[in-house]
Amino acid sequence: MENDMKKSNLFYYRKKITSFIMMSLTFIAALAAIIPLVLIFYYTISKGITYLNIDFFVAMPKPVGESGGGMANAIVGTLILIGIGGAIGIPVGIMTGTYLSEFGNNKFGYIVRFLTDVLSGIPSIVVGVVAYTMVVVPMKHFSALAGGIALGILMIPTITRTTEEMIKLVPHSLREAGLALGIPKWKTTLSIVLKTAWKGIATGVLLGLSRAAGETAPLLFTALGNRFWSTSIGQPIASLTVYIYDYAKSPFEDWNQQAWTAALVLILLISLLSLLFRIITRSKYKTN
Amino acid sequence: MEIKISVKNLEAFYGKNKVLHNISIDIPKNKVLAIIGPSGCGKSTFIRCLNRMHEVVGGSIKGEILLDGEDLTKTDPVLLRKRVGMVFQKPNPFPSMSIFDNVAAGLKLNGVRNKKLITPIVEKCLKQSALWDEVKDQLDKSGANISGGQQQRLCIARTLAVDPEVILMDEPASALDPISTTKIEDLIFQLKKDYTIVIVTHNMQQAARVSDYTAFFYMGEIIEFDETNKIFISPSNKQTEDYVRGRFG
Ligand SMILES: Nc1ncnc2c1ncn2[C@@H]1O[C@H](COP(=O)(O)OP(=O)(O)OP(=O)(O)O)[C@@H](O)[C@H]1O
Ligand SMILES: [Mg+2]
């Protein structure tokens, strides 16, 4: 009897210890995952904070050799570029994703799905080359439009696949409920299915936009960069990432510092974007 | 007795697999018809033929189904479904919509924009489905944030809002507690004044309580169809008797 007790106690402790070890392991793994993130924040904030002042947001870059100045043109440029990219990537991505999940159970759907997967694996610089050949060469000069198109293409796979996955999560019973009310199929898809899935889709859109905002390579030979103020989509345009690229490798200490500040601003911009999405997608309804 | 739907030699298929054989039945107007039978005998398939939801899952049919004398297999399914509404086994309110919009969905998404027109309909249907008193102060709350029984009555209100002539119910109370079930049964009793109702149920007492007529299905065929009293008290078929006495199924 006592022996039995001991045995079961032993068993109990063994289980407890295993459970403790497993928990510690997952905790360590989680810690390892956030260390790079913490390091990135630490460096960009500590190095970038020096130049983070009003000037950085409202002033233009100073000519080579002069210190100070800001990156107003690059901040606006980045916004314009992801704006153009979003105008292309968001509708195409959402519509493709919707098609794939609602009507894509056929050969064509399979091909499209395969191609979006391939597209998501293509290096962004290659997409830049394509935009260069398709837009820059015929227009005979670099432009915000070319950069935006490159970014738009890069967003498509992320938005398409998230949209498809999110729409697939909408229970079939809701589609049936819509149809059974005499609502046409396309309207059921739009007003019931998409409406139910839209928070998840918004996350995909946010992911696509953030990735695009951080791209440098495809901009180098499409949007190029611009040291002057320009909001014209037909002209070369500045962007934070290209500034980071140029300034970080420059020999001037002052520019190196500003590259860090540009990086910090880019991170802030993306955080602001996520915050904005959080607010927009906040549930209308209080949950009990 | 006036006939609302007349089914003639109906066969239903999933791909090549035939699951309904030679079904013929006249569904009386403004009465409740209960469909009973063991699991897999084709009850759901049958009622889904009546509003052509069967074809949504890729099924096909042969035969005639006359709604007020007109063959519904040859009309526009979207228009048909406004006349023949459906309540499903599991409550399925639209979670992205408020309680109000859930009821208004069938109207709004079919192009009725006039709020003055919609509001009284929503109120009327919520009253009809005995839900009004419980939700009248929270009409802007999500349709998914109420209890299961309330959700099911919401789904009934939603169906009523498009003003159908026939209401199909596929085990509407099987996911609900006894009190909610009683409420739904009372509701069915009220509704039959204005609507023709076809209800699938596994619950013999329920069939006996709510229905005027009962059809017993077995292996894709109608074994017996008669007044509910007759089916439950003195069925003419041995299989029916065994089933309603709970001896198989
Ligand atoms: N989507 C489907 N695809 C293929 N076969 C199906 C499908 N739905 C049902 N069936 C088949 O059709 C037959 C009838 O099914 P049905 O759902 O109509 O039965 P039921 O009487 O409603 O059963 P239950 O009481 O369990 O709900 C069954 O043999 C089932 O396997
Ligand atoms: Mg069924």
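In the predicted model, an oxygen atom of ligand 1 is placed 2.8 Å from an N or O atom in the side chain of Lys43(B). Of the surface that ligand 1 exposes when taken alone, 630 Å², the protein buries 59%. Two further polar approaches involve oxygen atoms of ligand 1. A polar side-chain atom of Ser39(B) lies 2.5 Å from an oxygen atom of the ligand, and a backbone N or O atom of Gly40(B) is found 2.8 Å from an oxygen atom of the ligand.

The surroundings of ligand 1 include the run Ser39(B), Gly40(B), Cys41(B), Gly42(B), Lys43(B), Ser44(B) and Thr45(B). Tyr14(B), Val19(B), Glu171(B) and His202(B) also belong to these surroundings. Helix H1 of chain B, which spans residues 43-50, provides the largest share of the shell, with 3 residues. By class, the shell consists of 3 nonpolar, 6 polar and 2 charged residues.

Several strands of chain B are arranged in an open sheet of 4 strands, in the order S2-S1-S4-S5 and with antiparallel pairing. Strands S2 (17-28) and S5 (70-71) of chain B occupy the edges; each has a single partner strand, so one side of each is left without a neighbour in the sheet. Strand S1 of chain B, formed by residues 3-14, is joined to S2(B) in the antiparallel sense through 8 bridges. Within this pairing, Ile3(B) has Pro28(B) of S2(B) as its bridge partner, while Ala12(B) is positioned opposite Leu20(B) of S2(B). The two strands S1(B) and S2(B) make up a hairpin with 2 residues between them. In the turn of this hairpin, Gly15(B) adopts a positive phi of about 60°.

A second hairpin in chain B is built from S9(B) and S10(B), again with 2 residues between the strands. Strand S9 (residues 213-218) and strand S10 (residues 221-227) of chain B pair over 6 bridges in the antiparallel sense. Ala215(B) faces Phe225(B) of S10(B) across this pairing, and Met219(B) in the turn has a positive phi of about 50°.

The search for enclosed space returned 1 cavity of 30 Å³ or more. The largest cavity holds about 30 Å³ of space. Its lining draws on both chains, with Ala177(A), Ala180(A) and Leu181(A) from chain A and Met86(B), Arg158(B) and Thr159(B) from chain B. Helix H7 (172-180) of chain A and helix H6 (148-161) of chain B are the elements that give two or more residues to this lining. The lining of the largest cavity comprises 4 nonpolar residues, 1 polar residue and 1 charged residue.

Among the open spaces, the second largest pocket has a volume of about 260 Å³. The lining of this pocket numbers 13 residues, and those nearest its centre are Ser101(A), Glu102(A), His172(A), Arg175(A) and Lys185(A). Three helices of chain A, namely H3 (72-103), H7 and H8 (185-213), each supply at least two residues of the lining. Helix H7 of chain A therefore contributes two or more residues to the largest cavity and at least two to the second largest pocket. The pocket lining divides into 4 nonpolar, 4 polar and 5 charged residues.

Terms used
Residues numbered from 1 in each chain as written. Chains lettered and ligands numbered in written order. Predicted model: local features only at pLDDT ≥ 70, side-chain atom pairs only at ≥ 80, totals over all residues. Heavy atoms only, no water. Pairing = 2+ DSSP bridges. Near = heavy atom within 4 Å. Polar contact = N/O pair within 3.5 Å; in protein donor to acceptor, adjacent residues only side chain to side chain. Areas by Shrake-Rupley, 256 points an atom, 1.4 Å probe, with all protein chains shown as cover. Nonpolar A, V, L, I, M, F, W, Y, C, P; charged D, E, K, R; others polar. 1 Å grid on protein atoms, 1.4 Å probe; cavity = no way out; pocket = protein on both sides within 12 Å on 5 of 7 lines; lining within 4 Å. Points joined across faces, edges and corners; volume = space filled by probe spheres on them.
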